[in-house]
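Hi everyone, thanks for coming. I'd like to walk you through a structure that will be new to most of you, so let's put it up on the screen.

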Amino acid sequence: MSDTVKVGDAAPDFSSVDQSGEAIHLAQFKGKCVVLYFYPKDFTFGCTKQACAFRDNYEALSAHGAVLIGVSRDDTESHKGFVDKYKLPFYLISDSEGKISQSYGVGSSFFGMVPGRTTYVIDHKGIVRDIFSSQLRWNSHVSNACEALERIHAEQQSASDGGEADSSEGKKKKKKKNKKADDTHKDDAAPEKAKEELSEKESDASASAEQKAEETEEAEEKEKEAEKEEKKNKKKKKKSAKKDESSGSAEEAADSSIGTSPTHLQERGRDVPHKHKKKTWK
């Protein structure tokens, strides 16, 4: 019957009481690793050595989140004395009728006179991951259990890292997808934006053209006004020149007339021509 439960099988559930009389079920530890070891009898030499070895390595076992449970056919009172004497920090449960041992297929040795000594390492999913059976190599039960827990822990860590990597990859893919969607949206919006920009440019160009036309028209008006003013000034100048010329001619004529008068000649110190009377010969 020692081959009833194999590595990879689901660990059979069980119910019993520990050294304090508290009910213990395997199912209550689901989600944690369990080291379940079957041993022949409390206080015997080999069982004491094995229990103390588990005690001394209890912290290493607990570091992997494992629960340690020892199983024998001793009653609760015997277990309590065994725990108290050797200060054992783990559960010891009673299998007085041998039902738990049978469900796991734990055999016996020395012609059936001594119950078997077998250790099962059960993972957090309730699957048997390691089985070690030896009646005399009691310390090896402890080292083998520690190694099995380390393997399980490494697998969990690897799976966790892979999950994080997948999650990270998934985030990257999602980011790329969102970026692609944004780019597509931008591409779709680009023509509309271009139209708007073109329309704005055309509007600005039209406004600019209108402004230029107004400025040109205004400049032309100013130029025309300037030309009119210039013509007007030219006419004024012509009239003024004619007037000055006419006035000058009159003055010259006056000066000419006055210049030959006797009075004028006297004023200038010139001799006044005398009229000669005709001599008459008598």
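**A walk through the model**

Let's begin with helix H1, residues 45-56: its 12 residues reach 17 Å from the first C-alpha to the last, close to the 16 Å expected at 1.5 Å a residue. Before I go on, please keep in mind that this is a predicted model.

So what faces inward on H1? Gly46, Cys47, Thr48, Gln50, Ala51, Cys52, Ala53 and Phe54 are buried in this helix. Lys49 also has its place in H1, but at 41% relative accessibility Lys49 counts as partly exposed. Here's something I like about Lys49. If you set aside neighbours within four places in sequence, Lys49 is in contact with Trp138 and Asn139. Trp138 is 89 residues away from Lys49 along the chain, yet their C-alpha atoms are separated by 7.1 Å.

Okay, let me zoom out for a moment. The protein chain has 6 helices and 9 strands. It has 282 residues, and 27% of them count as buried. The accessible surface comes to about 20,200 Å², with 51% of that belonging to carbon and sulfur atoms. And contacts like the Lys49 one bring me to this number: among contacts between residues at least 6 apart in sequence, 64% join residues at least 24 apart.

How confident is the predictor in all this? The mean pLDDT of the chain is 79, and 62% of the residues reach 70 or more. Over residues 275-282 the pLDDT is below 50, and that stretch has 0 contacts in the model beyond near neighbours in sequence. Where pLDDT is low, the predicted coordinates should not be read in detail.

Now to strand S3, residues 33-38. Is it buried or exposed? Well, 6 of its 6 residues are buried, so S3 is largely enclosed by the rest of the structure. Look at how the side chains go: Cys33, Val35 and Tyr37 point one way, while Val34, Leu36 and Phe38 point the other way.

Which strands does S3 pair with? One is S4, residues 66-72, in the parallel sense over 6 bridges. In that pairing, Cys33 has Ala66 as its bridge partner. Another is S8, residues 118-122, and here the sense is antiparallel, over 5 bridges. If you want to find that one on the screen, look for Val34, which stands opposite Ile122 in S8.

Next up, the cores. As background, in soluble globular proteins, nonpolar side chains tend to be buried together. In this model, the largest nonpolar core has 23 residues, and Tyr37, Phe54 and Leu92 have the most contacts inside it. S3, H1, S4, helix H3 (76-86) and helix H5 (138-259) each supply at least two residues of this core. H5 gives the most, with 6 residues. There's also a second, separate core of 19 residues, and Val5, Val34, Phe38 and Ile122 are among its members.

Let me stay with Leu92 for a second. Its contacts, leaving aside neighbours within four places in sequence, include Val17, Tyr37, Gly70, His79, Phe82 and Val83.

Then there's Ser94, which sits in strand S5, residues 91-94. With a relative accessible area of 14%, Ser94 is buried. Not counting residues up to four places away in sequence, Ser94 touches quite a list: Ser16, Val17, Ser72, Arg73, Asp74, Asp75, Thr76, His79 and Ile100.

Last stop, the loops. Two residues here have a positive phi without being glycine, so let me take them in turn. Phe43 has a phi near 70 degrees and is found in the loop between S3 and H1. At 38% relative accessibility, Phe43 counts as partly exposed. Lys87 has a phi of about 50 degrees, and its loop is the one between H3 and S5. Is Lys87 buried or exposed? Its relative accessibility is 66%, so Lys87 counts as exposed.

To pull the main picture together: S3 is the strand with 6 of 6 residues buried, S3 pairs with S4 in the parallel sense and with S8 in the antiparallel sense, and both S3 and H1 supply residues to the 23-residue core. That's my tour, so let's open it up for discussion.

Definitions and conventions:
Residues numbered from 1 in each chain as written. Predicted model: local features only at pLDDT ≥ 70, side-chain atom pairs only at ≥ 80, totals over all residues. Heavy atoms only, no water. Buried < 20%, exposed > 50% of the residue type's maximum accessible area, 1.4 Å probe, protein only. Helix = DSSP H or I, 4+ residues; strand = E, 2+ residues; numbered from the N terminus. Pairing = 2+ DSSP bridges. Contact = heavy atoms within 4.5 Å. Expected span 1.5 Å × (residues − 1). Areas by Shrake-Rupley, 256 points an atom, 1.4 Å probe, with all protein chains shown as cover. Core = buried A, V, L, I, M, F, W, Y, C linked by side-chain atoms within 4.5 Å. pLDDT = per-residue confidence, 0-100.
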